[in-house]
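Thanks for coming, everyone. Please take a look at the structure on the screen, and I will walk you through it.

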Amino acid sequence: MNVIDQMTKTPVTCLPTAKLNEVAKLMDEHACGEIPVIRSKEKPDLVGVITDRDICCRAVAQGKNPSTIAVSECMSSPVLTVTPDSDIAKTCKTFEEKEVRRLPVVDKRNHVVGILSLAD
């Protein structure tokens with residue numbers, strides 16, 4: 001079995017210029033805790049991820065206003081990724097070894113094609 005068989009296809013993405021409050025709304029609307037950050041609509045390569053924890057710990061807990069802070073200021077980068085054809089058993093080991101709960105799935109151009117979470 002490969003990642004493509006379990007991943008969430010076409011996850012919601014955001015731009016580095018998006019404000020944290022906008023991304024938090026997207027997380028709520030799509031019931032997710034991580035959103036891949038792409039360079040631009042024209043160049044949708046992965047540049048980072050923003051998580052609910054990034055928003056809480058890197059902005060809110062430090063007294064920053066989420067409606068004025070851009071994703072680029074709080075996102076995690078570089079990002080550990082997998083490909084659609086990655087073996088699911090090896091990917092499970094990656095979750096354990098790297099202590100992550102979600103992994104963006106990218107194609108050969110580094111474009112986001114899915115996301116895999118421990119829940120998947």
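Let's start with empty space. The largest pocket has a volume of about 330 Å³. Keep in mind that this is a predicted model. How do we look for such space? Rolling a probe the size of a water molecule over the atoms shows where empty space is left.

What lines this pocket? There are 16 lining residues. Nearest the centre lie Glu34, Thr51, Val100, Arg101 and Arg102. Now sort the lining by type. We get 8 charged residues, 6 nonpolar and 2 polar. Which elements contribute? Strand β3, residues 46-51, supplies at least two lining residues, and so do α2 and β4.

Next, the second largest pocket. It holds about 170 Å³ of space. Its lining includes Thr8, Pro11, His30 and Cys32. Glu34 and Arg102 are also on that list. You have met both names already, since Glu34 and Arg102 lie among the residues nearest the centre of the largest pocket. By type, the second lining splits into 4 nonpolar, 4 polar and 3 charged residues.

On to the sheet. Strands of a sheet pair through backbone hydrogen bonds, either parallel or antiparallel. Here, 3 strands form an open sheet. The order is β1-β5-β4, and the pairing is antiparallel. Why do β1 and β4 each have one side without a neighbour in the sheet? β1 (8-9) and β4 (102-106) stand at the edges, and each has a single partner strand, so one side of each is left free of a neighbour there.

Look more closely at one pair. β4 and β5, residues 112-117, pair over 5 bridges in the antiparallel sense. Pick out Leu103. Its bridge partner in β5 is Leu116.

Now for charges. Side chains of opposite charge can pair when their charged atoms come close. How many salt bridges does a search of the whole structure find? The search finds 3. Let's take them in turn.

One joins Arg39 and Asp45, at 3.0 Å from N to O. Are these two residues buried or exposed? Arg39 is partly exposed, at 47% relative accessibility. Asp45 counts as buried because its value is 15%, and buried means under 20%.

Another joins Asp54 and Arg58. Their closest N and O atoms are 3.6 Å apart. Both residues sit in helix α2, residues 52-58. They are 4 residues apart, about one turn of the helix. Asp54 is buried, with a relative accessible area of 6%. Arg58 is partly exposed, at 36%.

That leaves Asp107 and Arg109. Here the closest N and O atoms are 3.2 Å apart. Arg109 counts as exposed, with 58% relative accessibility.

Last stop, the core. In soluble globular proteins, nonpolar side chains tend to be buried together. In this model, the largest nonpolar core has 15 residues. Which of them have the most contacts inside it? They are Cys14, Leu20, Val23, Val37, Ile50 and Val71. Three elements, α1 (20-30), β2 (34-38) and β3, each supply at least two residues of this core. The largest share comes from α1, with 3 residues. Note β3 here. It gives residues to this core, and it also gives residues to the lining of the largest pocket.

That is the tour. Questions, please.

Definitions and conventions. Residues are numbered from 1 along each chain as its sequence is written. This is a predicted model: local features need pLDDT of at least 70, side-chain atom pairs count only at pLDDT 80 or more; totals for chains, interfaces and linings use all residues. Side-chain values use heavy atoms; hydrogens and water are left out. Two strands pair if DSSP finds at least two bridges between them. A salt bridge is a side-chain nitrogen of Lys or Arg within 4 Å of a carboxyl oxygen of Asp or Glu. Buried means under 20% relative accessible area, exposed over 50%, partly exposed in between (1.4 Å probe, protein chains only). On a 1 Å grid over the protein atoms alone, a cavity is a set of points where a 1.4 Å probe fits but cannot get out, and a pocket is an open set with protein on both sides within 12 Å along at least five of seven lines; lining residues have an atom within 4 Å of a point. Grid points are joined across faces, edges and corners, and a volume is the space filled by probe spheres set on the points. Ala, Val, Leu, Ile, Met, Phe, Trp, Tyr, Cys and Pro count as nonpolar, Asp, Glu, Lys and Arg as charged, and the others, Gly among them, as polar. A nonpolar core is a set of buried Ala, Val, Leu, Ile, Met, Phe, Trp, Tyr and Cys residues joined through side-chain atoms within 4.5 Å.
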